[in-house]
Amino acid sequence: MSDENSIEKKYDYAAAQVTVSEVDGTTITTNTANFTSQQAIVKFRLTDGTDPIAVKSLKIEASSNKLVANKSYRGGGSKTYYYGSSYYSVDGGSGGFGGEEHGNLVDNNLGTKWCANKPSGNWYIEFHTASAIQVDGYMLRTGGDTWPETGRNPQSWVLYGKKNSGDSWSVIDTKTDNYDMPDASNAEKDFDADAPGQYKFFRLEISAVRDGNCMQLSEMRLFSYEYYEMGTTYGAITVTPDDAASELTVALRNENVGADTYTLTATVGSGTYTFSKSGIAFENGKYYDIRVPMNPKKVSYISLNKTSASLAIGGTVELSVSNVSPSDAVDKTVSWSSSNTSVATVNASTGVVTAVAAGSATITATANDGSGKTATCSVTVYPEGTVIWDSSNISNLSVSGTNDSYTKEGITLSTNADMIDAWYYMDGISFNAHASGGFTFTAPTSKTFTKIEMTLNGSAGWDMASLGSGWVYSEDYMTGIYKVTWTGTAASVGLLTGADHFSGEYVKSIAFFLE
C-alpha cells in the first residue's frame, strides 16, 4: 500500500473496540464503538467479554466519505412465509371502500383486497403477531382488477417494525419511486428488508401510487430466509451517501466459522483508499450491527483560476479551482452559484459561466464537504457589440518601439515612440511609457469608440499617471475593483500620451464600446 493511498493519510487513526451488550435469540446487540478519539476507524477488534468475535470478509465501496446503513449479506435457501388464520391482528389503519378495508391486507384471503382513495395523510395499516418473528422480507400481492388499473399499484412506501409495544418505530424497508410491483392482477412480489431482524409490531405506510389517487393491494405476508450468505460472495456492496449522516452502519450475519480478513475500500473524492485487517471473525450465525463515525479532513481554503472576468452578452468563461488546502482533504469538489442569474448564470457542476445581460454578478464556488469554505469571481457583462480583450484572446499581445502595433477583432494598439512597450504577462497587460508619445487605440474601419474601460489588478501606478485626454482613474473601495475609463466619441484614442516615466502592470481586461 503506497503512502499516497494510505487511509491514514486521509483520516486521523483510531482503534475501536465493540462489545456485545445483549444476546436475544439470533440477534446480538453491540454497544457504540469506543474510540480513543472520535475519528475514522482503520483497525478494530470485536470482543464478547474477553473472547474475540470475528467477521467474515467484508468489502464496502463508498461514493462519498458519508456512509449510511446497507446490508452486507444475501438471504439463501427456502423462504418461510408467515400466514394462516388470524396470524396477524390488525391494530388500525386509514380505511377503505365498503368491503375493501385496510384489514383485508393481512386477512389470509387472496380473494379480498384493500382499496382506498388517498386519505388526508398516507395510506397505512398497523398490525402485530402473537410473538416476535424473524423478518427478512415481505410479499405484496396486487389486486384482482389491477389490469388495466396498474396506476393503483404502490410506488413509494415504508415498512416499520418494533419488538415491544412501547418501543419507537424502526424502518425495516423503504421503497421510493419503485416500479417492481407487477402489472398483472393477483400477482405477487417479494421484497428483501433493508433492516431484517426480530419484530412483533408492524406499520406499512404508502405515500404514493403510480398514477392517480386510488391504491389497492390484495395481500401482504412477511417471510424469513433459511440461511444467509455474506455479501462478498456476490461482490462489493455499495453504500450510498447520506447528507444527514457521517457514520458507517453495517449489518452482518455470518454462516461460516473462523477468522478472515476485513477489507474496507472507500472511494472518496478522486482517490480510492484501502485498509485490510486479518484475523477478524464473527461468531457463527449471529447478527451484528456496527457503527463507525467517519470524520474526514475538510477543506480550509479554496482559490480559483480567475478572480474577475469580463464578457459580452452571450459569451462564456470556464472557472475552475486552482488550489485547495489541505492537499489531502478528502472531498475537494465544489458547487457553483451566481449572485445574479439575470446577468450571468453558472453551471453548478462544471463552473461554466454564461453572460445573459449587461451588469455585474459574483460567482461563488462552495466546498461540497460541509466546511463552508468559498471562493469568488467577479463577472462584468457588457452590452452586445462590445469587444473585450482579456486572457482568453490576447495572450500573444506584444508591441515595442515606434509604430509597432497589435490588432485583435479589428481594434489596433500601436506605440508612438521608442521606449514605449506593452505585452501580455501573467494574466494581464503591462503598459510601459518611458518617453513621450504613449499609445493609440484605433477602432475598426467605419467604427468609433464611445467608451474604453480597462479593469486593473490594483492601482499599480495608474492612480498617479498622466493618462491622457478623456481618461479617468476610479476605485470602488467596497468591491476593490480598479478601473481606468475613457469616454467620448473618436475613431482613435491616445493613452499615456504625456507620460515619460510610467510602468502600469496587469490590466486584466479592456472593454471597447463601439458604434
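A residue counts as buried when its relative accessible area is under 20%. This criterion is applied throughout the legends below, which describe a predicted model.

**Figure 1. Strand S34 (residues 411-415) is enclosed within the predicted model.** Of the 5 residues of strand S34, 5 are buried, so the strand is largely enclosed by the rest of the structure. Burial extends to both faces of S34: Ile411, Leu413 and Thr415 lie on one side, and Thr412 and Ser414 on the other. Strand S33 (residues 405-408) pairs with S34 in the antiparallel sense through 4 bridges, and Tyr406 stands opposite Leu413. The hairpin formed by S33 and S34 has 2 residues between its strands, and Glu409 in this hairpin adopts a positive phi near 55°. S34 also pairs with strand S37 (residues 439-442), again in the antiparallel sense and over 4 bridges. Here Thr440 of S37 is the bridge partner of Ser414.

**Figure 2. An open sheet of 4 strands has mixed pairing.** The strand order is S23-S30-S29-S26. Strand S23 (308-312) and strand S26 (334-338) occupy the edges; each has a single partner strand, so one side of each is left without a neighbour in the sheet. From one strand to the next, the twist averages 25°. Within the sheet, strand S29 (residues 359-367) and strand S30 (residues 374-382) are joined in the antiparallel sense by 8 bridges. Ile363 stands opposite Cys377, a residue of S30. Cys377 counts as buried because its relative accessibility is 0%, against a limit of under 20%.

**Figure 3. An open sheet of 3 strands has antiparallel pairing.** The strands follow the order S24-S28-S27. At the edges stand strand S24 (316-318) and strand S27 (344-346), each with a single partner strand, so one side of each has no neighbour in the sheet. Neighbouring strands are turned against each other by 20° on average, direction ignored. S24 and strand S28 (residues 352-355) pair in the antiparallel sense over 3 bridges. In this region, Glu318 is placed opposite Val352 of S28.

**Figure 4. Lys483 in strand S40 makes a side-chain polar contact with Glu453.** Strand S40 comprises residues 481-490 and includes Lys483. The side chains of Lys483 and Glu453 form a polar contact at 3.1 Å. With neighbours within four places in sequence left aside, the residues in contact with Lys483 are Tyr382, Glu453, Met454, Thr455, Leu456, Val472, Tyr473 and Ser474.

**Figure 5. A loop residue, Asp177, is in contact with Gln155 and Ser156.** Asp177 belongs to the loop that connects strand S13 (170-175) with strand S14 (188-209). Leaving aside neighbours within four places in sequence, Asp177 is in contact with Gln155 and Ser156. The contact with Gln155 includes a polar one between the two side chains, at 3.1 Å. Asp177 and Ser156 are 21 residues apart along the chain, yet 5.3 Å separates their C-alpha atoms.

**Figure 6. Cys115 is a buried cysteine that takes part in no disulfide.** The structure holds 0 disulfides. For Cys115, the nearest cysteine sulfur is that of Cys214, 3.6 Å away. A disulfide would require the two sulfur atoms to lie within 2.5 Å, so this pair does not qualify. Cys115 has a relative accessible area of 2% and is therefore buried.

**Figure 7. The whole protein is shown with its regions of low confidence.** The protein has 1 helix and 42 strands. Of its 515 residues, 46% are buried. Among contacts with a separation of 6 or more, 71% link residues 24 or more positions apart. The mean pLDDT is 78, and 71% of the residues score at least 70. Over residues 1-73, pLDDT stays under 50; the model has 239 contacts beyond four places in sequence for this segment. Residues 265-277 likewise stay under 50 in pLDDT, with 48 contacts beyond four places in sequence. Where pLDDT is low, the predicted coordinates should not be read in detail.

Terms used: Residues are numbered from 1 along each chain as its sequence is written. This is a predicted model: local features need pLDDT of at least 70, side-chain atom pairs count only at pLDDT 80 or more; totals for chains, interfaces and linings use all residues. Side-chain values use heavy atoms; hydrogens and water are left out. Two strands pair if DSSP finds at least two bridges between them. Axes are lines fitted to C-alpha atoms, for helices over the stretch in contact, and angles run from 0 to 180 degrees between N-to-C directions. pLDDT is the predictor's confidence in each residue, from 0 to 100. Contact means heavy atoms within 4.5 Å. A polar contact is a pair of N or O atoms within 3.5 Å; within protein, one must be able to donate a hydrogen and the other to accept it, and residues adjacent in sequence count only if both atoms are side-chain atoms. Buried means under 20% relative accessible area, exposed over 50%, partly exposed in between (1.4 Å probe, protein chains only).
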